[in-house]
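Trainee: I'd like to learn how to read a structure like this one. Please take me through it a feature at a time.

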Amino acid sequence: MAFSGRPKAELVLSDVERDTLLGWARRAKTSQALALRAKIVLACAEGVTNKDVAARLGIWPQTVSKWRARFVKDRLAGLADEPRPGAARTITDEQVETVIVKTLEETPANGDTHWSTRSMARATGMSQTAISRIWRAFGLKPHLVDTWKLSTDPQFIEKVRDIVGLYLAPPDKALVLCVDEKSQMQALDRTAPMLPMMPGVPGRKTHDYIRHGTTSLFAALDIATGKVIGQHQRRHRHQEFLRFLKTIDKNTPAELDLHLICDNYATHKTPAIKTWLAAHPRFHLHFTPTSGSWLNLVERWFGELTSRKLRRSTHRSVKELETDVQAWIDAWNDDPKPFVWTKTADEILDNLANYCTRINQLNNDSGH
């Protein structure tokens, strides 16, 4: 009996093609479109008509015909999606280069310190949308400025290695405590109650406030457990720091050495402090480099305190603030979460060296 319709090219699979198509059809991570095309070709290779393949797979016969023809022509590569042409480019490479060079090397003629999409569009005769797309593509953000500061401490490398060594390999039979003061915590009361969050509307608070005084929080973070020893002081002189050292002494096991990581604040090095430390040899102070407070993990804990407690709280007195913060510390210590230091001293120093090299290169290129 003669078959009606167009004659179809013979579809014969090699062993490699069959194994590849079976893999695409069965593998869970294959895209659904590619898996369907593989099933179409495998069914067609059995000698089944396009209509029967379409009925078996629940698709249109035209779809079967399309992918059968594509496979016969280009084999396995023919089952991939062809790139779509899209609209022709309206911005040339030269225009893109002009925008990038102006952004990096020139300033606006009107005296602005940096370009905006509008000012760059006027200067180049392009649209604001085009400028925005070019900047996004090349990661340029003229409106943003980051700050940076390099330590000038002559013992910077030694101090970095000392402190990072304590984090990554703490001594046996010892506690490593990160110690610092969060000074000038303000007891603030808003002039109106905070408005609660609603769908589509964040919580809101008044811009103005009433200040009822300040206090300082001395904190010691145990890097092993994440627990914190806290003590409020109305001032932060060496007398208050000495009082906190005594508090640490009372609240830690007497048989353990204590390695305290502190900053270079003058109150940590007074004769009275040195005398007390000489009488308590289990205390060992390790100082962060000048402008190197980022090495002290307790600063990370202060960030948690600020974001989770202080930023939205209201207090009508310093005493109320101190009580509220101490309650938060107690709750933290009920379920402490230690911060894990991961970078080695060599990695930190290599990153800083590379950063300094880039800065010097930029200064040389710009003539500074």
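**Reading the model**

Mentor: Let's start with one residue: Ser291 is partly exposed, because its relative accessibility is 33% and that class lies between buried (under 20% relative accessible area) and exposed (over 50%), using a 1.4 Å probe and protein chains only. Keep in mind that this is a predicted model, where local features need pLDDT of at least 70, side-chain atom pairs count only at pLDDT 80 or more, and totals for chains, interfaces and linings use all residues. Residues are numbered from 1 along each chain as its sequence is written, and side-chain values use heavy atoms, with hydrogens and water left out.

Trainee: Where does Ser291 lie, and what is its phi?

Mentor: Helices (H or I, at least four residues) and strands (E, at least two) are DSSP runs numbered from the N terminus. Ser291 sits in the loop between strand E5 (283-287) and H11. Its phi is positive, about 60°, although Ser291 is not a glycine. Gln184, in strand E1, is another non-glycine with a positive phi, near 55°.

Trainee: How many helices and strands does the protein have?

Mentor: There are 13 helices and 5 strands. The radius of gyration, taken over C-alpha atoms, is 34 Å, well over the 21 Å that the globule rule gives for 368 residues, so the protein is more spread out than a compact globule. That rule is 2.2 Å times the number of residues to the power 0.38. Along the principal axes, the C-alpha atoms fill a box of roughly 110 × 60 × 50 Å.

Trainee: What percentage of the residues is buried?

Mentor: Buried residues make up 37% of the 368. For a case, look at helix H11 (residues 298-310), where the buried ones include Val298, Trp301, Phe302 and Leu305. E1, E2, strand E3 (228-233) and helix H12 (318-334) are among the elements covering the buried residues of H11.

Trainee: Which residues does Phe339 touch?

Mentor: Contact means heavy atoms within 4.5 Å. Leaving out residues up to four places away in sequence, Phe339 touches Leu221, Ile223, Leu297, Arg300, Trp301, Glu304 and Trp332. Phe339 is in the loop between H12 and helix H13 (345-366), and with a relative accessible area of 18% it counts as buried.

Trainee: How far apart in space are Glu320 and Ala187?

Mentor: Here you compare places in the chain with places in space. Glu320 and Ala187 are 133 residues apart along the chain, and their C-alpha atoms are separated by 8.0 Å. Glu320, found in helix H12, is partly exposed at 33% relative accessibility. Over the whole protein, take the contacts with a separation of 6 or more: residues 24 or more positions apart account for 65% of them.

Trainee: What lies 3.0 Å from a polar atom of the side chain of Thr206?

Mentor: The backbone oxygen of Asp208 does. Thr206 belongs to the loop between strand E1 (174-190) and strand E2 (209-222). Not counting neighbours within four places in sequence, Thr206 is in contact with Arg190, Thr191 and Ala192.

Trainee: How many positive and negative side chains are there?

Mentor: Count Lys and Arg as positive and Asp and Glu as negative, leaving out His and the chain ends. The protein has 52 positive and 42 negative side chains. Placing each charge at NZ of Lys, CZ of Arg, CG of Asp or CD of Glu, the centres of the two sets lie 7 Å apart.

Key:
A polar contact is a pair of N or O atoms within 3.5 Å; within protein, one must be able to donate a hydrogen and the other to accept it, and residues adjacent in sequence count only if both atoms are side-chain atoms.
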